[in-house]
Structures are given as structure tokens and as C-alpha cells.
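I set out to record, entry by entry, what I looked up in this structure. The notes go from the whole chain to single residues.

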Amino acid sequence: MRINISNLSNLIDERFRGNQTFFAEVAKINRCYLNLILHNKASANSSKVCNAIIRYCETNNLDYKDYIFLE
């Protein structure tokens, strides 16, 4: 699994007014690590972050496949 950085950034912009910290709190992931991923400074293959995105999507009736590439 790999995070679709572009689509996740759009989600954060649309639903959280671009506030990565708020998204990280809701998704229960480390905000600093999320920021590194979104700026291509950390691997987008984090299973912990991918699972958090999947949980967020399931809770909010979104298709996680829009935000995660299944490889």
C-alpha cells in the first residue's frame, strides 16, 4: 500500500481547511510524520498511516482507494 499524496492533500484541504494537524488528530496519526509524507520527505508506504486513512474513510463513508494505491 502507498498513500496517494495528491488526493490526501486535497482531502485535507477540502475537509480540514488545509489543517494537517487537525486531520492527524482525527486520524490518530503523528502530525509531524504526516507532514513529512505529504512533502515527500518520508516514505508514503507507512502501513500505520495507510491503516489510519482506511479507518477514517470507513468512518466517513469515503472510498479509501481514492487515497491509497493498492500495490
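The entries below concern a predicted model and begin with the overall fold.

**Entry 1: fold and dimensions**

I looked up the secondary structure first. The protein chain has 4 helices and 2 strands. I then read their order along the sequence and noted the pattern β-α-α-α-α-β.

Next I asked how the radius of gyration of the protein chain stands against that of a compact globule. For 71 residues such a globule would have a radius of gyration near 11 Å, and the protein chain has 11 Å, so the two agree. Along its principal axes, I noted, the C-alpha trace spans about 25 × 25 × 20 Å.

**Entry 2: interior, contacts and surface**

I looked up burial for the chain as a whole: 37% of the 71 residues count as buried. I then took the contacts between residues at least 6 apart in sequence, and found that 55% of them join residues at least 24 apart.

For the surface, I recorded an exposed area of about 4,500 Å², of which carbon and sulfur atoms supply 43%. I also looked up the charges. The protein chain carries 9 positive and 7 negative side chains, and the centres of these two sets are 7 Å apart.

**Entry 3: cysteines**

How many disulfides are there? I found a count of 0, the rule being a pair of cysteine sulfur atoms within 2.5 Å. Cys 32 takes part in no disulfide, and the nearest cysteine sulfur to it, that of Cys 50, is 19 Å away. Cys 50 is likewise in no disulfide; in its case the nearest cysteine sulfur belongs to Cys 57, at 11 Å.

I then asked whether Cys 50 is buried or exposed. Its relative accessibility is 0%, and Cys 50 therefore counts as buried. Cys 32 has 43% relative accessibility, so I entered Cys 32 as partly exposed.

**Entry 4: Ala 52**

I placed Ala 52 in helix H4, which covers residues 47–59. Ala 52 is buried because its relative accessible area is 1%, the cut-off for burial being under 20%. Which residues does Ala 52 touch, leaving aside those up to four places away in sequence? I found Ala 27 and Ile 29. I also looked up the separation of Ala 52 from Leu 38: the two are 14 residues apart along the chain, and their C-alpha atoms are separated by 15 Å.

**Entry 5: two residues with positive phi**

I looked up backbone angles and noted Arg 17, a residue other than glycine with a positive phi, near 50°. Arg 17 lies in the loop between helix H1 (5–16) and helix H2 (20–27). With a relative accessible area of 81%, Arg 17 is exposed.

Asn 61, also a residue other than glycine, has a positive phi near 55°. I located Asn 61 in the loop between H4 and strand S2 (68–69). Its relative accessibility is 73%, so Asn 61 counts as exposed, the cut-off being over 50%.

**Entry 6: Ser 6**

Where does Ser 6 lie? I found Ser 6 in helix H1. At 47% relative accessibility, Ser 6 counts as partly exposed. Lastly I looked up Ser 6 together with Arg 31: they are 25 residues apart in sequence and, C-alpha to C-alpha, 17 Å apart in space.

Definitions and conventions: Residues are numbered from 1 along each chain as its sequence is written. This is a predicted model: local features need pLDDT of at least 70, side-chain atom pairs count only at pLDDT 80 or more; totals for chains, interfaces and linings use all residues. Side-chain values use heavy atoms; hydrogens and water are left out. The radius of gyration is taken over C-alpha atoms; the globule rule is 2.2 Å times the number of residues to the power 0.38. Buried means under 20% relative accessible area, exposed over 50%, partly exposed in between (1.4 Å probe, protein chains only). Contact means heavy atoms within 4.5 Å. Accessible areas come from the Shrake-Rupley method with a 1.4 Å probe; for residues, only the protein chains shown count as cover. Lys and Arg count as positive and Asp and Glu as negative; His and the chain ends are not counted. The place of a charge is taken as NZ of Lys, CZ of Arg, CG of Asp or CD of Glu.
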